[in-house]
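I set out to record what the pockets, cavities, rings and helix ends of this model look like. My entries follow in the sequence in which I made them.

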Amino acid sequence: MVENHGDNLVITAARGGSAVFAGKLFAWGTRFVLAVFLARILGVEEYGLYNLALTVATVAASFPTLGLDAALVRYTAVFSGRKDSSSVLGTLQLGIGVPALLSIIFAVAVILLAGPIATGVMHQPRLIPLLIMVSLLIPATVLNRQLGATLQGLKRIEYDVAAEQFSQPVVRFVLLAGFALLGLNAGYAILASILSALAATVMLVFFVHRLFPLRRTNLQAKREPRELMRFSLPVFFSNVITTFGSNLQTLFLGALSTLSAVGVFAVANQVNMVGSIFQSAVVASSMPLFAESQDRGDRRSLEHLYQTTSKWSLALNLPFFLMVIVFPEALLAIFGREFATGSVALIVLAWANLVNAATGTSGAVLDMTGHTKVKLLNSSAAVVLAFGLSFILIPPMGLVGAALAAFASQSIVNVLRLVEVAILVRVSPYNRTYLKPILAGFIAWGASLGLGIVLLDAGVTLQLLIGLPTLFGVYGIVLVLLGLDPEDHLVLDRIKGRLLRRGRRAKRTKKLVVPHPEASTHG
């Protein structure tokens, strides 16, 4: 079968997406275990204090990037596709160097403002030393984001996965296990996050330098700061607003509610995060491909990739969504009985993730086709809505109010993106193939709901051990019985062919290394 350019993009997206998905799934699994470990040792209040400090650092780290992480993805992909090494070098110098310097300034600012933030805003004096510590995480977070974006633009996202999704969680796990011997508290937990992030930084620098050395005496860097900033500034404001909006509920809970509410909400987010893993993996691997297709003027390939990745996003999200809405209390009880009170909030957050997956990779299409100002407007509308709803709903409703505010703001912005892509880019993510995962999801939901009723009086462990395999098994079997689509067969054929080639190479190697019986005798 002769593959066209659209098929090649699908294969590239699948290869990159599978690497990111594997890394994110591993990282989520590790973080899930660590979250259970920390929640049970620290307790709900101390765990809330720990997450509040990390949230402040996350919001602060969104400012120094200036949106240049998205610019690195887009322009590195475009310039490397044109074989323009001088422009690639100039882009990397600006896209990495400027945010790195700004991140140091913001780290110092957090140290100086630790007292006012902790006592004046959060009303938690115990937060002061944690904010001083967590400020060290800001430069590492910013630098890792820019280096990861560089690898993404160079279409070697698997290196970023190796550093941030595999190595960093493992290092953090080892450090926390060691600190547990000293008497684990929120401070030690933050220190483990800082050291593991720095370990990832070292790996990312090595990978980027290996692919494209930044210090080249024989190459004159071609910098275009105006073009980069014209593209990145709308992304910057949008990302800051989005980051602030996505963490708004945690900040409001800390200021208007209790540390216990912060801790439970953090656990609910951690459980719900698994549903968005493949969505983010597909988006990360597709962004440079959308940019390349736009640069080539190949709208047909862009739409084909848009539809395929959006369908994959929905199909992989659905079983995790069903897992959450059928077994919410059982999942939260893993962290401790006091965390099970967040089951309603967890279900609401799961619906927000489903809407995100169902609207496809529209946000990535808008970014990589140059419509960054539209993204800024969307994010501004979302954060205004999230701010207003959080202020209104959190005081009387607590956790559920925070979850409802997140659901409303995220859903509105995702639907807006979908409509805007249809108008501005004139492509749609939907076709008949979307119906298959939806039908499989309904059947799996019915089966797991019936099983959940039967296991209602069973223990948490038994519910999950029987219920989860049944849910995923029914969903997968129905999806296969409904029939795979051509692009799915294309990717599976590639995987099958690669495995067969590896098998043949292994057999040839075995024949070479195994001596003939007659040759093994000694004279």
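**Second largest pocket.** I began with the classes of its lining residues: in this predicted model, the lining of the second largest pocket has 18 nonpolar residues, no polar residues and no charged residues. I then looked up the volume and noted about 350 Å³ of space in the second largest pocket. For the centre, I recorded that Val-56, Val-59, Ile-117, Phe-244 and Leu-251 lie nearest to it among the 18 residues of the lining. I next asked which elements give two or more residues to this lining. They are α1 (5-61), α3 (85-112), α4 (114-121) and α10 (248-256). The largest share, five residues, I assigned to α10.

**Cavities.** How many cavities of 30 Å³ or more does the model contain? I counted three. I chose the second largest cavity for a fuller entry, and its volume is about 50 Å³. Its lining consists of Tyr-75, Phe-79, Ser-87, Gly-90, Thr-91, Lys-222, Arg-223, Glu-224, Glu-227 and Leu-228. I sorted these by class and found three nonpolar, three polar and four charged residues. Whereas the lining of the second largest pocket has no charged residues, the lining of the second largest cavity has four. By element, α2 (68-81), α3 and α9 (225-246) each supply at least two residues of the cavity lining. I noted that α3 gives the most, with three residues. Helix α3 thus appears in both entries, as it also gives two or more residues to the lining of the second largest pocket.

**Aromatic rings.** I looked up the ring pairs next and found 13 aromatic pairs in the structure. One aromatic cluster is formed by Phe-32, Tyr-47, Tyr-50, Phe-335 and Phe-339. I returned to Tyr-75, one of the residues lining the second largest cavity, and asked which residue lies over its face. It is Arg-74, at 5.5 Å from the ring centre.

**Helix α8.** I checked the span of α8, residues 186-211. Its 26 residues reach 38 Å from the first C-alpha to the last, which is close to the 38 Å expected at 1.5 Å a residue. What caps the N-terminal end of α8? I identified Asn-185, a side-chain oxygen of which lies 3.1 Å from the backbone nitrogen of Gly-187.

**Positive phi.** My last search concerned residues other than glycine with a positive phi. I recorded His-123, with phi near 55 degrees, and placed it in the loop between α4 and α5 (127-134). Helix α4, which precedes that loop, is also one of the elements in the lining of the second largest pocket. I further recorded Arg-426, which is not a glycine yet has a positive phi of about 60 degrees. Arg-426 lies in the loop between α18 (399-424) and α19 (435-454).

Note on methods. Residues numbered from 1 in each chain as written. Predicted model: local features only at pLDDT ≥ 70, side-chain atom pairs only at ≥ 80, totals over all residues. Heavy atoms only, no water. 1 Å grid on protein atoms, 1.4 Å probe; cavity = no way out; pocket = protein on both sides within 12 Å on 5 of 7 lines; lining within 4 Å. Points joined across faces, edges and corners; volume = space filled by probe spheres on them. Helix = DSSP H or I, 4+ residues; strand = E, 2+ residues; numbered from the N terminus. Nonpolar A, V, L, I, M, F, W, Y, C, P; charged D, E, K, R; others polar. Phe/Tyr/Trp six-rings, centres within 6.5 Å; stacked < 30°, edge-to-face > 60°. Lys NZ or Arg CZ within 6 Å of the ring centre and 35° of its normal. Expected span 1.5 Å × (residues − 1). Polar contact = N/O pair within 3.5 Å; in protein donor to acceptor, adjacent residues only side chain to side chain.
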